[in-house]
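Please open the model in a viewer and keep the sequence panel visible. The stops below are given in the order in which they may be selected.

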Amino acid sequence: MTTVRQSTLACVAITAALQFGCERAAEPTAAPAPATITLDTHIDIPLDYATAAVDPLTADLQVNLTKMAAGGLDAGFFIVFVGQTARTDDGYAQAQADALKKFEAIHRMAEQLYQDRIEIAYRAADVPRIPASGKLVAAIGVENGFSLGRDLEFLERHYTLGARYVGLVHDGDNDLARSARPRPQLGDPAEPDTGVSALGAEAIARMNRLGIMVDVSHGSKQTALDAMRLSGAPIIASHSSVASVNAHPRNMDDETLLAVKADGGVVQIVAFDAYLKNQPEEKAAALRTLRESVGLTAGSPRSLPPDRRALYDEGLREIEARWPAATVADLVDHIDYAVKLIGIDHVGLASDFDGGGGVTGWTDASETANVTAELEARGYSREDIAKIWSGNLLRVWSEVERTAAELATAQR
Ligand SMILES: [Zn+2]
């Protein structure tokens, strides 16, 4: 690459004032340049995270602090997820208790166990600031507004505990919104798609006032469209992919993607096998049977004792050999489509690691540089890659902060 080399050499003689521009013309490397902050917007954690059983530094998870550092993953949204259960007093109480446990675990990681290695970001501007001090970044996202119960006061508590995005809904409808995957066994009707409820609309207004990003991933199509209409600030889809590339209920169709562009929001394309690639129902059935055969009812296979984990891994290898998993190339196919349809400013990245995510080539945080390499191979510029990895999400986060500040001023 003579031209690149020449321009790099030429830079040496150029004044310091021009040096920034020259650095950007330098040859690309496998790892992102320091100016590119790699941010993964969806990393799940188990309920016993940051205890003696699950050490955030070394735990056998797809994301631990050692793997983040090795793979050049600077920042992640660690997720306070609760599964949807019956909307009863017991169900709400359990969801709130589980959510608090996860908030506490993230704070324990960053404030007691590894305060020298990772720091919590409370504002968009913290995300580039913290890596400059040599630390990793933990932001906090909530997955499933079910943990709010029917009491939106809990939203303020989520904010105080560090939540900077809240996913309205998960698999199964809740009091805020309809799900992309309703659960008939919980009494969810198949039709009509009524989108965001009156309580959900109130929750969105409060999120706007607090400075919490509204996340529409897992929401039905109408939920996503309603959220964009109702929110006074741009929304995010923290982990979703593209329905035109692979028709899956968790993916977004073109109309919704175009609405995200008009909204000024961002879709974080997710490295989730079944969303990226059309896998036959037999694969899902084989995976369910495998989980049952090792007694895994919920959670990650990484929680299994060694003997059953070995059985699981062997079964998984056989399933993957028969129906190969999606790859980093499949992931970037979804990014390519989204970028062509709605532009480079509205597309980002998420793994869903430790929540079912991971594809061949990006099986855990230590392989993060492979994603950057694939984007480079497809011709994305440094600037484009920086937008995809974090720039777009941080722009939305900043706009959400600005909206909250404006609403606070208007109220005075
Ligand atoms: Zn999810």
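**Stop 1: Aromatic pairs**

Begin by selecting Phe77 and Trp397, both of which are buried. This is a predicted model, and the tour should be read accordingly. Phe77 belongs to strand β2 (residues 75–81) and Trp397 to helix α15, so placed that the pair links distant parts of the chain, 320 residues apart. Their rings form a tilted aromatic pair, with 5.7 Å from centre to centre and 50 degrees between the planes. Add Tyr165 to the selection: Phe77, Tyr165 and Trp397 form one aromatic cluster.

Move next to Phe353 and Trp362, which are likewise both buried. Here the geometry is edge-to-face, the centres lying 5.1 Å apart and the planes meeting at 70 degrees. Over the whole structure, a search finds 7 aromatic pairs.

One further ring deserves a selection. Display Tyr159 together with Arg164, which lies over the face of Tyr159 at 3.7 Å from the ring centre.

**Stop 2: The nonpolar cores**

Trp362 leads directly to the next selection. Together with Phe78 and Leu168, Trp362 is among the residues with the most contacts inside the largest nonpolar core, which has 84 residues. Colour helix α4 (residues 89–113), which gives the most to this core, with 9 residues. In soluble globular proteins, nonpolar side chains tend to be buried together.

Now centre the view on Leu168. Which residues beyond its neighbours within four places in sequence is Leu168 in contact with? They include Asn144, Gly145, Val196, Ile204, Met207, Val214, Asp215, Thr223 and Ala227. A second, separate core can then be shown; this core has 21 residues, including Tyr165, Val266, Leu393 and Leu394. Tyr165 is also a member of the aromatic cluster shown at the previous stop.

**Stop 3: Helix α8**

Return to Thr223 and Ala227, two of the contacts of Leu168. Both are listed among the buried residues of α8, along with Ala224, Asp226 and Met228. Show α7, β6 and α9 (254–263) as well, since the buried residues of α8 pack against these elements.

**Stop 4: The zinc site**

Select the zinc ion and display the side chains of Glu143, His218 and His239. Which atoms serve as protein donors of the zinc ion? They are OE of Glu143, NE2 of His218 and NE2 of His239, at 2.1 to 2.2 Å from the ion. Along the chain, the donors follow the spacing E-x74-H-x20-H.

Glu143 lies in strand β4 (residues 136–143), whereas His218 lies in the loop between β6 (213–215) and α8 (221–230); the pair therefore ties together parts that are 75 residues apart in sequence. Is Glu143 buried or exposed? Glu143 counts as buried, at 5% relative accessibility. His218 is buried as well, with a relative accessible area of 5%.

**Stop 5: Salt bridges**

The structure contains 24 salt bridges according to a search of the whole model. Three of them are suggested for individual display.

- Select Glu119 and Arg129, whose side chains meet at 3.0 Å, N to O. Glu119 lies in strand β3 (residues 118–120) and Arg129 in helix α5 (residues 126–132), so the pair ties together parts that are 10 residues apart in sequence. Glu119 is partly exposed at 21% relative accessible area, and Arg129 is partly exposed at 41%. Extend the selection to Asp126 and Lys135, which are linked with Glu119 and Arg129 in a network of salt bridges.
- Select Arg206 and Glu153, whose side chains meet at 3.2 Å, N to O. This pair links distant parts of the chain, 53 residues apart: Arg206 is in helix α7 (residues 198–210) and Glu153 in helix α6 (residues 153–160). Arg206 counts as buried at 16% relative accessibility, while Glu153 counts as partly exposed at 46%.
- Select Glu399 and Arg395, whose side chains meet at 3.7 Å, N to O. Being 4 residues apart in helix α15 (residues 382–411), Glu399 and Arg395 are separated by about one helical turn. Glu399 is partly exposed at 23% relative accessibility, and Arg395 is partly exposed with a relative accessible area of 25%.

The last selection returns the view to helix α15, which also carries Trp397 from the opening stop.

Conventions: Residues are numbered from 1 along each chain as its sequence is written. This is a predicted model: local features need pLDDT of at least 70, side-chain atom pairs count only at pLDDT 80 or more; totals for chains, interfaces and linings use all residues. Side-chain values use heavy atoms; hydrogens and water are left out. A nonpolar core is a set of buried Ala, Val, Leu, Ile, Met, Phe, Trp, Tyr and Cys residues joined through side-chain atoms within 4.5 Å. Buried means under 20% relative accessible area, exposed over 50%, partly exposed in between (1.4 Å probe, protein chains only). Helices (H or I, at least four residues) and strands (E, at least two) are DSSP runs, numbered from the N terminus. Contact means heavy atoms within 4.5 Å. A salt bridge is a side-chain nitrogen of Lys or Arg within 4 Å of a carboxyl oxygen of Asp or Glu. Donors are N, O and S atoms within 2.8 Å of the metal (3.2 Å for Na, K and Ca); water is not among the atoms, so sites may look incomplete. Rings of Phe, Tyr and Trp (its six-membered ring) pair if their centres lie within 6.5 Å; planes under 30 degrees apart count as stacked, over 60 as edge-to-face and the rest as tilted. A charge sits over a ring if NZ of Lys or CZ of Arg is within 6 Å of the ring centre and within 35 degrees of the ring normal.
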